Amino acid sequence: MLLNATALEVCTLGGFTIRRGDREFNVSGRSRKLCLLLAFLISRRERPVPYEELIELLWDEDGRGANSFNALKGILHRARGCLDQLEKGAGRTLILSREGGCQWNDQIPLTLDCERFLQLLQNAGQAQREDRRLSLQLDALALYCGDFLPALSGCPWAAEQTEMLHRLYLQTTLEVLPRLEAAGRWEQAAQTAGNALALEPCHEELCRQRMEALLRLERQREAILVYEAFQDRLLNQLGVMPSDRLRELYRQAHSLHNPRAISAVTLLERLQEPPQPGALLCDFDFFRVICHSMARRAGRSGEPLHIALLSLAAPEGRELARHSLDRAMDNLQALILTQLRRGDAAARCSISQFVLLLPQSGYENSRMVCQRIVRAFVRQYPHSPVVLQFTVQPVPAGS
(Lines give C-alpha, C1' and ligand atoms only; values in the text may rest on other atoms or scores of the structure.)
Protein backbone atom coordinates (compact mmCIF):
# COMPACT_ATOMS: atom_id res chain seq x y z
CA MET A 1 0.00 0.00 0.00
CA LEU A 2 1.35 3.44 -0.91
CA LEU A 3 2.05 5.66 2.08
CA ASN A 4 -0.75 8.22 2.35
CA ALA A 5 1.68 10.78 3.68
CA THR A 6 3.33 11.04 0.28
CA ALA A 7 0.85 12.37 -2.25
CA LEU A 8 1.08 11.62 -5.93
CA GLU A 9 1.76 14.58 -8.21
CA VAL A 10 0.24 14.20 -11.67
CA CYS A 11 1.30 16.68 -14.35
CA THR A 12 -0.72 16.82 -17.56
CA LEU A 13 0.12 20.35 -18.79
CA GLY A 14 2.96 20.19 -21.30
CA GLY A 15 3.51 16.45 -20.74
CA PHE A 16 2.23 13.55 -18.67
CA THR A 17 4.15 12.42 -15.59
CA ILE A 18 3.22 10.77 -12.30
CA ARG A 19 5.57 11.49 -9.41
CA ARG A 20 5.77 10.19 -5.87
CA GLY A 21 8.58 11.58 -3.76
CA ASP A 22 11.80 11.23 -5.74
CA ARG A 23 10.37 8.65 -8.17
CA GLU A 24 8.74 9.65 -11.42
CA PHE A 25 7.00 7.76 -14.19
CA ASN A 26 6.95 9.52 -17.58
CA VAL A 27 3.66 8.36 -19.11
CA SER A 28 4.20 10.38 -22.31
CA GLY A 29 6.92 7.92 -23.34
CA ARG A 30 4.45 5.04 -23.38
CA SER A 31 1.89 4.00 -25.98
CA ARG A 32 -0.96 6.34 -26.88
CA LYS A 33 -3.61 3.95 -25.56
CA LEU A 34 -1.80 3.47 -22.25
CA CYS A 35 -1.54 7.28 -21.89
CA LEU A 36 -5.22 7.71 -22.65
CA LEU A 37 -6.26 4.95 -20.25
CA LEU A 38 -4.32 6.39 -17.29
CA ALA A 39 -5.37 9.98 -17.98
CA PHE A 40 -9.02 9.01 -18.19
CA LEU A 41 -8.97 6.88 -15.02
CA ILE A 42 -7.25 9.68 -13.07
CA SER A 43 -9.70 12.31 -14.32
CA ARG A 44 -12.68 10.04 -13.44
CA ARG A 45 -11.21 8.74 -10.18
CA GLU A 46 -14.38 9.56 -8.22
CA ARG A 47 -16.21 6.61 -9.80
CA PRO A 48 -15.66 3.09 -11.23
CA VAL A 49 -15.34 3.10 -15.03
CA PRO A 50 -17.05 0.15 -16.82
CA TYR A 51 -14.90 -1.85 -19.22
CA GLU A 52 -17.35 -1.04 -22.03
CA GLU A 53 -16.71 2.68 -21.52
CA LEU A 54 -12.94 2.15 -21.66
CA ILE A 55 -13.25 0.08 -24.84
CA GLU A 56 -15.29 2.86 -26.47
CA LEU A 57 -12.65 5.36 -25.37
CA LEU A 58 -9.65 3.40 -26.67
CA TRP A 59 -11.04 2.04 -29.94
CA ASP A 60 -13.32 3.59 -32.54
CA GLU A 61 -16.21 1.59 -33.93
CA ASP A 62 -14.12 0.12 -36.75
CA GLY A 63 -11.44 -1.02 -34.32
CA ARG A 64 -13.69 -2.74 -31.81
CA GLY A 65 -14.17 -6.47 -32.01
CA ALA A 66 -14.37 -9.73 -30.14
CA ASN A 67 -10.81 -9.34 -28.88
CA SER A 68 -11.25 -5.78 -27.55
CA PHE A 69 -11.79 -6.93 -23.97
CA ASN A 70 -8.64 -9.07 -24.00
CA ALA A 71 -6.71 -6.17 -25.54
CA LEU A 72 -7.99 -3.88 -22.78
CA LYS A 73 -6.86 -6.35 -20.11
CA GLY A 74 -3.43 -6.35 -21.73
CA ILE A 75 -3.21 -2.53 -21.58
CA LEU A 76 -4.36 -2.54 -17.94
CA HIS A 77 -1.68 -5.12 -17.11
CA ARG A 78 1.01 -2.95 -18.75
CA ALA A 79 -0.30 0.17 -16.98
CA ARG A 80 -0.07 -1.51 -13.58
CA GLY A 81 3.42 -2.75 -14.39
CA CYS A 82 4.55 0.77 -15.31
CA LEU A 83 3.10 2.24 -12.11
CA ASP A 84 5.22 -0.24 -10.12
CA GLN A 85 8.12 2.12 -10.92
CA LEU A 86 6.72 4.37 -8.18
CA GLU A 87 6.74 1.58 -5.59
CA LYS A 88 6.55 -2.18 -5.64
CA GLY A 89 2.90 -3.18 -6.00
CA ALA A 90 1.78 0.38 -6.72
CA GLY A 91 0.02 -0.67 -9.93
CA ARG A 92 -2.57 -2.86 -8.20
CA THR A 93 -2.92 -0.35 -5.38
CA LEU A 94 -3.65 2.53 -7.73
CA ILE A 95 -5.82 0.77 -10.35
CA LEU A 96 -8.48 -1.14 -8.49
CA SER A 97 -10.62 -3.84 -10.06
CA ARG A 98 -14.34 -3.30 -9.75
CA GLU A 99 -17.16 -5.55 -10.88
CA GLY A 100 -17.44 -4.95 -14.61
CA GLY A 101 -14.75 -2.26 -14.60
CA CYS A 102 -11.91 -0.56 -12.74
CA GLN A 103 -11.22 2.63 -10.80
CA TRP A 104 -8.27 4.79 -9.88
CA ASN A 105 -7.86 4.57 -6.10
CA ASP A 106 -9.32 7.85 -4.84
CA GLN A 107 -8.10 7.12 -1.31
CA ILE A 108 -4.50 7.83 -2.35
CA PRO A 109 -3.72 11.57 -2.03
CA LEU A 110 -3.24 13.07 -5.47
CA THR A 111 -2.70 16.56 -6.90
CA LEU A 112 -3.54 17.14 -10.57
CA ASP A 113 -2.03 20.25 -12.15
CA CYS A 114 -4.93 21.00 -14.52
CA GLU A 115 -7.40 20.83 -11.63
CA ARG A 116 -5.13 23.08 -9.56
CA PHE A 117 -4.96 25.51 -12.50
CA LEU A 118 -8.76 25.74 -12.68
CA GLN A 119 -9.08 26.08 -8.89
CA LEU A 120 -6.60 28.97 -8.79
CA LEU A 121 -8.50 30.81 -11.51
CA GLN A 122 -11.77 30.24 -9.68
CA ASN A 123 -10.24 31.61 -6.47
CA ALA A 124 -8.90 34.60 -8.38
CA GLY A 125 -12.37 35.36 -9.68
CA GLN A 126 -13.65 35.43 -6.10
CA ALA A 127 -10.78 37.49 -4.65
CA GLN A 128 -11.75 40.86 -3.23
CA ARG A 129 -8.36 42.56 -3.39
CA GLU A 130 -6.74 43.31 -6.74
CA ASP A 131 -3.25 42.28 -5.59
CA ARG A 132 -4.61 38.93 -4.35
CA ARG A 133 -6.39 38.35 -7.64
CA LEU A 134 -3.22 39.07 -9.63
CA SER A 135 -1.15 36.79 -7.38
CA LEU A 136 -3.55 33.87 -7.86
CA GLN A 137 -3.66 34.38 -11.63
CA LEU A 138 0.14 34.41 -11.82
CA ASP A 139 0.27 31.19 -9.78
CA ALA A 140 -2.15 29.60 -12.26
CA LEU A 141 -0.10 30.74 -15.26
CA ALA A 142 3.06 29.32 -13.66
CA LEU A 143 1.39 25.89 -13.61
CA TYR A 144 0.61 26.02 -17.33
CA CYS A 145 3.81 24.54 -18.78
CA GLY A 146 2.12 23.61 -22.05
CA ASP A 147 -1.16 22.38 -23.47
CA PHE A 148 -3.08 19.52 -21.88
CA LEU A 149 -1.70 16.06 -22.67
CA PRO A 150 0.22 16.88 -25.87
CA ALA A 151 0.86 13.17 -26.46
CA LEU A 152 -2.90 12.79 -26.99
CA SER A 153 -3.35 15.62 -29.49
CA GLY A 154 -6.13 14.70 -31.87
CA CYS A 155 -7.87 12.46 -29.35
CA PRO A 156 -11.50 13.67 -29.07
CA TRP A 157 -11.66 13.25 -25.30
CA ALA A 158 -8.44 15.21 -24.69
CA ALA A 159 -9.11 17.81 -27.39
CA GLU A 160 -12.14 19.31 -25.64
CA GLN A 161 -10.21 19.72 -22.40
CA THR A 162 -7.19 21.10 -24.25
CA GLU A 163 -9.22 23.78 -26.00
CA MET A 164 -10.91 24.90 -22.76
CA LEU A 165 -7.68 25.10 -20.76
CA HIS A 166 -5.78 26.83 -23.55
CA ARG A 167 -8.52 29.44 -23.93
CA LEU A 168 -8.49 30.18 -20.19
CA TYR A 169 -4.69 30.41 -20.19
CA LEU A 170 -4.62 32.90 -23.06
CA GLN A 171 -7.50 34.94 -21.63
CA THR A 172 -5.77 35.15 -18.23
CA THR A 173 -2.44 36.09 -19.78
CA LEU A 174 -3.96 38.95 -21.76
CA GLU A 175 -5.71 40.15 -18.61
CA VAL A 176 -2.59 39.98 -16.45
CA LEU A 177 -0.07 41.64 -18.78
CA PRO A 178 -1.47 45.20 -18.71
CA ARG A 179 -1.58 45.08 -14.91
CA LEU A 180 2.05 43.94 -14.73
CA GLU A 181 3.01 46.79 -17.05
CA ALA A 182 1.02 49.32 -15.02
CA ALA A 183 2.90 48.16 -11.92
CA GLY A 184 6.25 48.43 -13.71
CA ARG A 185 6.93 44.70 -13.32
CA TRP A 186 8.65 44.51 -16.69
CA GLU A 187 10.73 41.39 -16.06
CA GLN A 188 7.63 39.43 -15.11
CA ALA A 189 5.70 40.91 -18.04
CA ALA A 190 8.43 39.89 -20.50
CA GLN A 191 8.53 36.34 -19.11
CA THR A 192 4.74 35.97 -19.04
CA ALA A 193 4.32 37.23 -22.60
CA GLY A 194 7.21 35.04 -23.78
CA ASN A 195 5.71 31.89 -22.26
CA ALA A 196 2.36 32.59 -23.92
CA LEU A 197 3.99 33.46 -27.25
CA ALA A 198 5.63 30.02 -27.29
CA LEU A 199 2.12 28.51 -27.26
CA GLU A 200 0.53 31.16 -29.52
CA PRO A 201 3.43 31.87 -31.91
CA CYS A 202 1.42 34.07 -34.31
CA HIS A 203 -0.41 36.18 -31.68
CA GLU A 204 0.63 39.76 -32.43
CA GLU A 205 -0.53 41.29 -29.13
CA LEU A 206 1.67 38.88 -27.16
CA CYS A 207 4.61 39.71 -29.40
CA ARG A 208 4.01 43.43 -28.93
CA GLN A 209 3.80 43.16 -25.14
CA ARG A 210 6.96 41.06 -24.94
CA MET A 211 8.87 43.51 -27.13
CA GLU A 212 7.69 46.53 -25.12
CA ALA A 213 8.69 44.86 -21.86
CA LEU A 214 12.13 43.98 -23.26
CA LEU A 215 12.64 47.55 -24.45
CA ARG A 216 11.75 48.84 -20.97
CA LEU A 217 14.40 46.48 -19.63
CA GLU A 218 16.89 47.89 -22.20
CA ARG A 219 17.26 44.46 -23.80
CA GLN A 220 16.98 45.77 -27.36
CA ARG A 221 18.80 42.86 -28.96
CA GLU A 222 16.30 40.38 -27.52
CA ALA A 223 13.41 42.54 -28.75
CA ILE A 224 14.92 42.54 -32.25
CA LEU A 225 15.21 38.74 -32.25
CA VAL A 226 11.63 38.37 -30.99
CA TYR A 227 10.34 40.48 -33.88
CA GLU A 228 12.42 38.77 -36.55
CA ALA A 229 11.33 35.30 -35.41
CA PHE A 230 7.70 36.47 -35.27
CA GLN A 231 7.89 37.95 -38.77
CA ASP A 232 9.33 34.70 -40.14
CA ARG A 233 6.47 32.73 -38.58
CA LEU A 234 3.82 35.09 -39.95
CA LEU A 235 5.27 34.96 -43.46
CA ASN A 236 5.71 31.17 -43.42
CA GLN A 237 2.36 30.30 -41.85
CA LEU A 238 0.00 33.11 -42.86
CA GLY A 239 1.80 34.90 -45.71
CA VAL A 240 1.39 38.35 -44.10
CA MET A 241 3.64 40.97 -42.55
CA PRO A 242 3.35 42.24 -38.94
CA SER A 243 1.33 45.39 -38.32
CA ASP A 244 2.70 48.93 -38.59
CA ARG A 245 2.68 49.21 -34.80
CA LEU A 246 4.90 46.16 -34.40
CA ARG A 247 7.26 47.29 -37.16
CA GLU A 248 7.61 50.65 -35.41
CA LEU A 249 8.66 48.85 -32.22
CA TYR A 250 11.22 46.92 -34.26
CA ARG A 251 12.64 50.15 -35.72
CA GLN A 252 12.80 51.61 -32.22
CA ALA A 253 14.65 48.55 -30.89
CA HIS A 254 17.05 48.61 -33.84
CA SER A 255 17.84 52.31 -33.50
CA LEU A 256 18.51 51.94 -29.77
CA HIS A 257 20.65 48.84 -30.28
CA ASN A 258 22.73 50.22 -33.16
CA PRO A 259 21.86 53.78 -34.23
CA ARG A 260 24.19 53.60 -37.26
CA ALA A 261 22.66 50.47 -38.79
CA ILE A 262 19.49 50.26 -40.86
CA SER A 263 16.80 47.78 -39.82
CA ALA A 264 15.36 45.18 -42.17
CA VAL A 265 11.93 46.83 -41.92
CA THR A 266 13.30 50.25 -42.81
CA LEU A 267 15.22 48.74 -45.71
CA LEU A 268 12.12 46.98 -47.00
CA GLU A 269 10.07 50.18 -46.76
CA ARG A 270 12.71 52.13 -48.67
CA LEU A 271 12.82 49.48 -51.38
CA GLN A 272 9.07 49.22 -51.80
CA GLU A 273 7.63 50.82 -54.93
CA PRO A 274 4.89 53.41 -54.28
CA PRO A 275 1.50 51.90 -55.16
CA GLN A 276 0.71 52.40 -58.84
CA PRO A 277 -1.12 50.38 -61.48
CA GLY A 278 0.37 49.03 -64.68
CA ALA A 279 3.96 48.76 -65.80
CA LEU A 280 7.11 50.11 -64.19
CA LEU A 281 8.27 53.25 -66.03
CA CYS A 282 11.98 53.93 -65.62
CA ASP A 283 14.92 55.57 -67.37
CA PHE A 284 16.85 53.62 -69.97
CA ASP A 285 19.91 52.88 -67.81
CA PHE A 286 17.76 51.35 -65.11
CA PHE A 287 15.80 49.48 -67.81
CA ARG A 288 19.06 47.88 -68.97
CA VAL A 289 19.81 46.65 -65.42
CA ILE A 290 16.32 45.14 -65.14
CA CYS A 291 16.68 43.56 -68.58
CA HIS A 292 20.03 41.98 -67.67
CA SER A 293 18.63 40.65 -64.38
CA MET A 294 15.52 39.18 -66.04
CA ALA A 295 17.62 37.62 -68.79
CA ARG A 296 19.74 35.84 -66.20
CA ARG A 297 16.62 34.61 -64.46
CA ALA A 298 15.20 33.41 -67.80
CA GLY A 299 18.43 31.52 -68.41
CA ARG A 300 17.86 29.54 -65.21
CA SER A 301 14.10 29.06 -65.44
CA GLY A 302 13.61 28.79 -69.20
CA GLU A 303 10.78 31.35 -69.09
CA PRO A 304 10.36 33.41 -72.30
CA LEU A 305 11.50 37.02 -72.28
CA HIS A 306 10.76 39.50 -75.08
CA ILE A 307 11.29 43.18 -75.71
CA ALA A 308 9.16 45.35 -77.94
CA LEU A 309 10.13 48.61 -79.62
CA LEU A 310 7.31 51.12 -80.12
CA SER A 311 8.15 53.88 -82.63
CA LEU A 312 6.27 57.06 -83.57
CA ALA A 313 6.76 58.54 -87.03
CA ALA A 314 5.01 60.92 -89.42
CA PRO A 315 3.07 59.22 -92.22
CA GLU A 316 4.78 58.87 -95.59
CA GLY A 317 8.16 59.84 -94.11
CA ARG A 318 7.32 63.50 -93.62
CA GLU A 319 9.03 65.68 -91.03
CA LEU A 320 7.11 65.94 -87.73
CA ALA A 321 7.00 69.10 -85.62
CA ARG A 322 8.78 68.67 -82.29
CA HIS A 323 5.85 69.83 -80.16
CA SER A 324 3.56 67.34 -81.96
CA LEU A 325 6.03 64.53 -81.37
CA ASP A 326 6.41 65.41 -77.66
CA ARG A 327 2.66 65.45 -77.19
CA ALA A 328 2.30 62.10 -78.96
CA MET A 329 5.05 60.57 -76.78
CA ASP A 330 3.29 61.81 -73.64
CA ASN A 331 0.05 60.26 -74.85
CA LEU A 332 1.80 56.98 -75.67
CA GLN A 333 3.43 56.89 -72.23
CA ALA A 334 0.05 57.23 -70.53
CA LEU A 335 -1.29 54.34 -72.62
CA ILE A 336 1.72 52.12 -71.86
CA LEU A 337 1.22 52.56 -68.11
CA THR A 338 -2.40 51.41 -68.31
CA GLN A 339 -2.15 48.73 -71.02
CA LEU A 340 0.77 46.74 -69.59
CA ARG A 341 0.76 44.49 -66.54
CA ARG A 342 2.46 45.00 -63.23
CA GLY A 343 5.78 43.23 -63.69
CA ASP A 344 6.33 44.65 -67.19
CA ALA A 345 8.76 47.53 -67.59
CA ALA A 346 9.04 50.41 -70.06
CA ALA A 347 11.60 53.13 -70.81
CA ARG A 348 11.98 55.93 -73.32
CA CYS A 349 14.95 55.00 -75.48
CA SER A 350 14.94 57.83 -78.05
CA ILE A 351 13.08 61.02 -78.87
CA SER A 352 10.35 58.99 -80.61
CA GLN A 353 10.58 55.46 -79.16
CA PHE A 354 9.70 53.38 -76.11
CA VAL A 355 11.15 49.97 -75.30
CA LEU A 356 9.03 47.45 -73.38
CA LEU A 357 10.20 44.45 -71.35
CA LEU A 358 7.61 41.65 -71.38
CA PRO A 359 8.61 38.76 -69.09
CA GLN A 360 6.74 35.45 -69.25
CA SER A 361 5.21 36.37 -72.60
CA GLY A 362 5.84 34.38 -75.75
CA TYR A 363 6.37 35.97 -79.14
CA GLU A 364 2.71 35.89 -80.20
CA ASN A 365 1.47 37.18 -76.85
CA SER A 366 4.00 40.01 -76.99
CA ARG A 367 2.76 40.97 -80.46
CA MET A 368 -0.83 40.92 -79.16
CA VAL A 369 0.18 43.31 -76.36
CA CYS A 370 1.69 45.73 -78.88
CA GLN A 371 -1.32 45.46 -81.19
CA ARG A 372 -3.58 46.29 -78.25
CA ILE A 373 -1.52 49.43 -77.54
CA VAL A 374 -1.67 50.47 -81.21
CA ARG A 375 -5.45 50.02 -81.33
CA ALA A 376 -5.90 51.95 -78.09
CA PHE A 377 -3.67 54.77 -79.40
CA VAL A 378 -5.63 55.07 -82.67
CA ARG A 379 -8.94 54.93 -80.81
CA GLN A 380 -8.02 57.59 -78.25
CA TYR A 381 -6.08 59.90 -80.57
CA PRO A 382 -7.71 59.52 -83.99
CA HIS A 383 -6.43 62.90 -85.20
CA SER A 384 -2.83 62.45 -84.07
CA PRO A 385 -0.36 63.33 -86.86
CA VAL A 386 1.79 60.25 -86.12
CA VAL A 387 1.81 56.54 -86.95
CA LEU A 388 2.62 54.01 -84.22
CA GLN A 389 4.66 50.97 -85.28
CA PHE A 390 6.25 48.10 -83.31
CA THR A 391 8.73 45.27 -83.51
CA VAL A 392 9.09 42.32 -81.09
CA GLN A 393 12.18 40.21 -80.50
CA PRO A 394 13.34 37.67 -77.90
CA VAL A 395 16.04 38.53 -75.37
CA PRO A 396 18.82 35.92 -75.42
CA ALA A 397 18.99 34.12 -72.07
CA GLY A 398 21.74 35.36 -69.81
CA SER A 399 22.58 38.35 -71.97
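**Overall form and selected residues of the predicted model**

In the protein chain, 62% of the contacts with a separation of 6 or more are accounted for by residues 24 or more positions apart. The model examined here is a predicted one. Its protein chain contains 15 helices and 12 strands. The radius of gyration of the protein chain is 35 Å, well over the 21 Å that the globule rule gives for 399 residues, and the chain is therefore more spread out than a compact globule. Taken along the principal axes, the box filled by the C-alpha atoms is roughly 115 × 60 × 35 Å.

Burial and surface were considered next. Among the 399 residues of the protein chain, 42% count as buried. The accessible surface amounts to about 21,800 Å², and carbon and sulfur atoms contribute 49% of this surface. The protein chain carries 48 positive and 46 negative charges, and the mean positions of these two groups lie 3 Å apart.

The loop between strand 1 (8–11) and strand 2 (17–20) contains Thr12. Thr12 counts as buried because its relative accessibility is 4%, the limit for this class being under 20%. A polar contact of 2.9 Å is formed between the side chain of Thr12 and the side chain of Asp113. When neighbours within four places in sequence are left aside, the residues in contact with Thr12 are Leu112, Asp113, Cys114, Asp147, Phe148, Leu149 and Pro150. Asp113 thus appears both in this list of contacts and as the partner of Thr12 in the polar contact.

Leu149, one of the residues in contact with Thr12, is placed in the loop between helix 6 (130–143) and helix 7 (156–182). With a relative accessibility of 3%, Leu149 is also classed as buried. The backbone of Leu149 has a phi near 45 degrees, a positive value in a residue other than glycine. Most residues other than glycine have a negative phi. A positive phi, of about 60 degrees, is likewise found at Glu218, which is not a glycine. Glu218 is situated in the loop between helix 9 (204–216) and helix 10 (220–237). Whereas Leu149 is buried at 3% relative accessibility, Glu218 is exposed, its relative accessible area being 63%.

Two residues of helix 7 were also examined. Glu175 lies in this helix and counts as partly exposed, at 28% relative accessibility. Arg133 and Gln137 are the contacts of Glu175 once neighbours within four places in sequence are set aside. With Gln137, the side chain of Glu175 shares a polar contact of 3.2 Å between side chains. Asp113, the polar partner of Thr12, is separated from Glu175 by 21 Å between C-alpha atoms, with their positions 62 residues apart along the chain. Ala182 is likewise placed in helix 7. At 71% relative accessibility, Ala182 counts as exposed. From C-alpha to C-alpha, Ala182 and His77 are 55 Å apart in space, and their separation in sequence is 105 residues.

Attention then turned to two residues in strands. Cys282 belongs to strand 8 (residues 280–282). The relative accessible area of Cys282 is 13%, and the residue is therefore buried. Ala346 stands 64 residues from Cys282 along the chain, yet the C-alpha atoms of the two are separated by 6.4 Å. Ala346 is also among the residues in contact with Cys282. Apart from neighbours within four places in sequence, the full set of these contacts consists of Phe287, Ile290, Ala346, Ala347 and Arg348.

His306 is located in strand 9 (residues 305–313). It is buried, with a relative accessible area of 8%. Not counting residues up to four places away in sequence, His306 touches Leu356, Leu357, Leu358, Ser361, Gly362, Tyr363 and Ser366, and further Val392, Gln393, Pro394 and Val395.

How values were computed:
Residues are numbered from 1 along each chain as its sequence is written. This is a predicted model: local features need pLDDT of at least 70, side-chain atom pairs count only at pLDDT 80 or more; totals for chains, interfaces and linings use all residues. Side-chain values use heavy atoms; hydrogens and water are left out. Helices (H or I, at least four residues) and strands (E, at least two) are DSSP runs, numbered from the N terminus. Buried means under 20% relative accessible area, exposed over 50%, partly exposed in between (1.4 Å probe, protein chains only). A polar contact is a pair of N or O atoms within 3.5 Å; within protein, one must be able to donate a hydrogen and the other to accept it, and residues adjacent in sequence count only if both atoms are side-chain atoms. Contact means heavy atoms within 4.5 Å. The radius of gyration is taken over C-alpha atoms; the globule rule is 2.2 Å times the number of residues to the power 0.38. Accessible areas come from the Shrake-Rupley method with a 1.4 Å probe; for residues, only the protein chains shown count as cover. Lys and Arg count as positive and Asp and Glu as negative; His and the chain ends are not counted. The place of a charge is taken as NZ of Lys, CZ of Arg, CG of Asp or CD of Glu.
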